[in-house]
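Thanks for coming, everyone. Please have a look at the sequence and the structure on the screen. I will walk you through a few places in turn.

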Amino acid sequence: MRRNLFLLLACALFPLLAIAGPREIRVGLYDNPPKIFREADGRPAGILVDLLAPIAADAGWLLSYVPCTWKDCLAALRDGRIDLLPDVAHSELRAAEFDFHPTPALTSWSQIYRHPGRLIRNYLDLRDQRIAVLRDSVQAVFLRDLLANFRIPAQLVETDSVEQAFAAVQSGRADVAVASHYFGDRNAWRYRLEETPVLFQPARLHFAVAKGRNADLLQTIERRLVAWQAKPDSDYYRVLRDWGGAGPEPAPASRLLVGGRRLRRRLRAGAVRRHRPAPPGAAPDGFAAGRRGAFPRGVRQHLGRRFRA
């Protein structure tokens, strides 16, 4: 009798399960190659797209990519119009409205790329320059803080995509552009831009969800990232190699620590060279060269304390 009842219930529920199908996950899709972008035919592509695909297949997710500008992607995630957004750099401000998995999907840093007619050796050379930067990005927030603290007069030219930032320099509407090294290394030559030695803001890049929602998505992604990054021959490092990234290394976050020390040395060297002639206690632009206090709060946080944490 019980067996017959079980069979009846199974027959009744099976059509409902079949109708339900895989779980649809709406994913924000903006253009920041090679991390994430749209191919010419509109298909999603990039490092993070290739990493998410096998995770979704194993979890039974149906990924539905939603094209948007970076600013609109953030608003859509915040409002619940998308469920997941790749390539989000963690910050205290963003942690207040989004949730992140602990292990970064990628590590990166930002770099300034210049028009061939501009000489940019350090932050102080940004004086009176027009700086093209992605709207509502962590780079834009960082630069505003840095320019204000260094008292460097410069104009931010905000754009809706990184491509537009590089195009602004190429067309003469800006003097320099800011991008992650992933984008800049692959695309600077296309826009006839040249890299500068000004590197800043090492970042841990994550998939993000709206605050308090879809925690199970982050848990699934976290488990796979931890397992992948522990194996040099995993799909994680294969994807990086396919996109021209570095060879397999078990702990990519450790490279960020080394990079942070290198960036601090470059920044301090640049500041000391520029301000060495100034008398003690009266360095130009409101700071004394060579001291820890010579760097504004944003620089110290991103290149100091946060690395050692």
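Which residues does Ile-152 touch, not counting residues up to four places away in sequence? The list is Tyr-123, Leu-124, Leu-126, Arg-127 and Leu-147. Keep in mind that this is a predicted model.

Let me stay with Ile-152. Its place is the loop between helix 5 and strand 9. Is Ile-152 buried or exposed? The cut-off for buried is under 20% relative accessible area. At 5% relative accessibility, Ile-152 counts as buried. Now take Arg-127, one of the residues Ile-152 touches. Ile-152 and Arg-127 are 25 residues apart in sequence. In space they are 5.4 Å apart, C-alpha to C-alpha.

Now step back to the whole protein. There are 11 helices and 11 strands. The protein has 309 residues, and buried residues make up 48% of them. Next, contacts between residues at least 6 apart in sequence. Of these, 73% join residues at least 24 apart.

On to helix 5, residues 138-150. How far apart are its end C-alpha atoms? They are 18 Å apart. That agrees with expectation, because 13 residues at 1.5 Å a residue should span 18 Å. Which residues of helix 5 are buried? They are Val-138, Gln-139, Ala-140, Phe-142, Leu-143, Leu-146, Leu-147 and Phe-150. As background, an α-helix has 3.6 residues a turn, so residues three or four places apart point the same way. Just after helix 5 comes Arg-151, with a positive phi of about 55°.

Next, the strands. Start with strand 10, residues 176-180. Five of its five residues are buried, so strand 10 is largely enclosed by the rest of the structure. Remember that in a regular strand the side chains alternate between the two faces of the sheet. Both faces of strand 10 are covered. On one side, Val-176, Val-178 and Ser-180 are buried. On the other side, Ala-177 and Ala-179 are buried too.

What does strand 10 pair with? Strand 7 is one partner: the two run antiparallel and are joined by five bridges. Within that pairing, Gln-111 stands opposite Ala-179. Strand 8 is another partner, in the parallel sense, over two bridges. There, Ala-132 has Ala-177 as its bridge partner.

Follow strand 8 across to strand 9, residues 155-159. These two run parallel, with five bridges between them. Ala-132 turns up again here, standing opposite Val-157 in strand 9. Strand 8 is also largely enclosed by the rest of the structure, because four of its five residues are buried.

Now for empty space. Rolling a probe the size of a water molecule over the atoms shows where empty space is left. How many cavities of 30 Å³ or more does the count give? It gives one. Its volume is about 220 Å³. The lining has 23 residues. Lying nearest the centre are Asn-32, Lys-35, Val-138, Gln-139 and Leu-205. Two of those names you have heard already: Val-138 and Gln-139 are among the buried residues of helix 5.

What is the lining made of, by class? It has 13 nonpolar, seven polar and three charged residues. Several elements each supply at least two lining residues. Among them are helix 5, strand 8 and strand 10, which we have just looked at. Strand 5, strand 7 and strand 11 are on that list as well.

Last topic: backbone geometry. Most residues other than glycine have a negative phi, and most peptide bonds are trans. Here are some places to check on the screen.

First, a peptide bond. From Pro-33 to Pro-34 it is cis, with omega near 5°. Pro-34 sits in the loop between strand 1 and strand 2.

Then Asp-87. It has a positive phi of about 65° although it is not a glycine. Asp-87 lies in strand 5. At 4% relative accessibility, Asp-87 counts as buried.

Finally, Arg-192. Its phi is positive as well, at about 60°. Arg-192 lies in the loop between helix 7 and strand 11. Is Arg-192 buried or exposed? The cut-off for exposed is over 50%. Arg-192 counts as exposed, because its relative accessibility is 68%.

That is the tour. I am happy to take questions.

Notes
Residues numbered from 1 in each chain as written. Predicted model: local features only at pLDDT ≥ 70, side-chain atom pairs only at ≥ 80, totals over all residues. Heavy atoms only, no water. 1 Å grid on protein atoms, 1.4 Å probe; cavity = no way out; pocket = protein on both sides within 12 Å on 5 of 7 lines; lining within 4 Å. Points joined across faces, edges and corners; volume = space filled by probe spheres on them. Nonpolar A, V, L, I, M, F, W, Y, C, P; charged D, E, K, R; others polar. Expected span 1.5 Å × (residues − 1). Buried < 20%, exposed > 50% of the residue type's maximum accessible area, 1.4 Å probe, protein only. Pairing = 2+ DSSP bridges. Contact = heavy atoms within 4.5 Å.
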